[in-house]
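Got a few minutes for some hands-on practice? Grab a viewer and try each task before you read its solution.

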Amino acid sequence: MLTKEERDKCVLDITAYFLDERGEKLGMIAAGEMLDFFVQNIGSKIYNKAVDDTRTMLKEELESLDYKLSDLRR
């Protein structure tokens with residue numbers, strides 16, 4: 001979940017994006033609802049992708065360490 005400060009910043013970012021990129025003025029309530037929609041609908045997918053990417057990276061790092069430790073054996 002987002003803190004109040006993080007949520008407020010995201011809402012401001014959404015309103016700024018719509019104004020800058022689309023020339024549309026989006027209200028704070030609409031931007032907040034849009035943020036809630038995306039968090040509810042894709043938030044877990046993004047989180048799970050990050051966990052999978054971290055798992056892959058850690059696995060590669062552990063394999064690399066294993067090779068390095070094998071080289072240290074006499």
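Below are four short exercises, each with a worked solution.

A quick note on the ground rules: this is a predicted model, where local features need pLDDT of at least 70, side-chain atom pairs count only at pLDDT 80 or more, and totals for chains, interfaces and linings use all residues. Residues are numbered from 1 along each chain as its sequence is written, and side-chain values use heavy atoms, with hydrogens and water left out.

**Exercise 1.** Work out which helix holds Thr15, whether Thr15 is buried or exposed, and what Thr15 is in contact with beyond its neighbours within four places in sequence.

*Solution.*
- Step one: Thr15 sits in helix α1 (helices are DSSP runs of H or I with at least four residues, numbered from the N terminus).
- Step two: with a relative accessible area of 13%, Thr15 is buried (buried is under 20% relative accessible area, exposed is over 50%, and partly exposed is in between, using a 1.4 Å probe and protein chains only).
- Step three: once those sequence neighbours are set aside, Thr15 is in contact with Leu26, Gly27, Met28 and Ala31 (contact meaning heavy atoms within 4.5 Å).

**Exercise 2.** Find how many salt bridges the whole structure has, then explain what the pair Arg7 and Asp36 ties together.

*Solution.*
- Step one: scanning the whole structure turns up 6 salt bridges (a side-chain nitrogen of Lys or Arg within 4 Å of a carboxyl oxygen of Asp or Glu).
- Step two: one of them joins Arg7 to Asp36, with 2.9 Å between the closest N and O atoms.
- Step three: Arg7 belongs to helix α1 (residues 4-22) and Asp36 to helix α2, so this pair links parts that are 29 residues apart in sequence.
- Step four: Arg7 is partly exposed at 29% relative accessibility, and Asp36 is partly exposed too, at 31%.

**Exercise 3.** Look at the salt bridge between Asp53 and Lys49 and say how far apart the two residues are in helix α2.

*Solution.*
- Step one: the side chains of Asp53 and Lys49 meet at 2.7 Å, N to O.
- Step two: both residues lie in helix α2, 4 residues apart, which is about one turn of the helix.
- Step three: check exposure, and you get partly exposed for Asp53 at 40% and for Lys49 at 49%.

**Exercise 4.** Place Ile46 in its helix and give the C-alpha separation between Ile46 and Leu58.

*Solution.*
- Step one: helix α2 (residues 28-72) is where Ile46 is found.
- Step two: Ile46 is exposed, its relative accessible area being 54%.
- Step three: Leu58 is 12 residues away along the chain, and the two C-alpha atoms are 18 Å apart.
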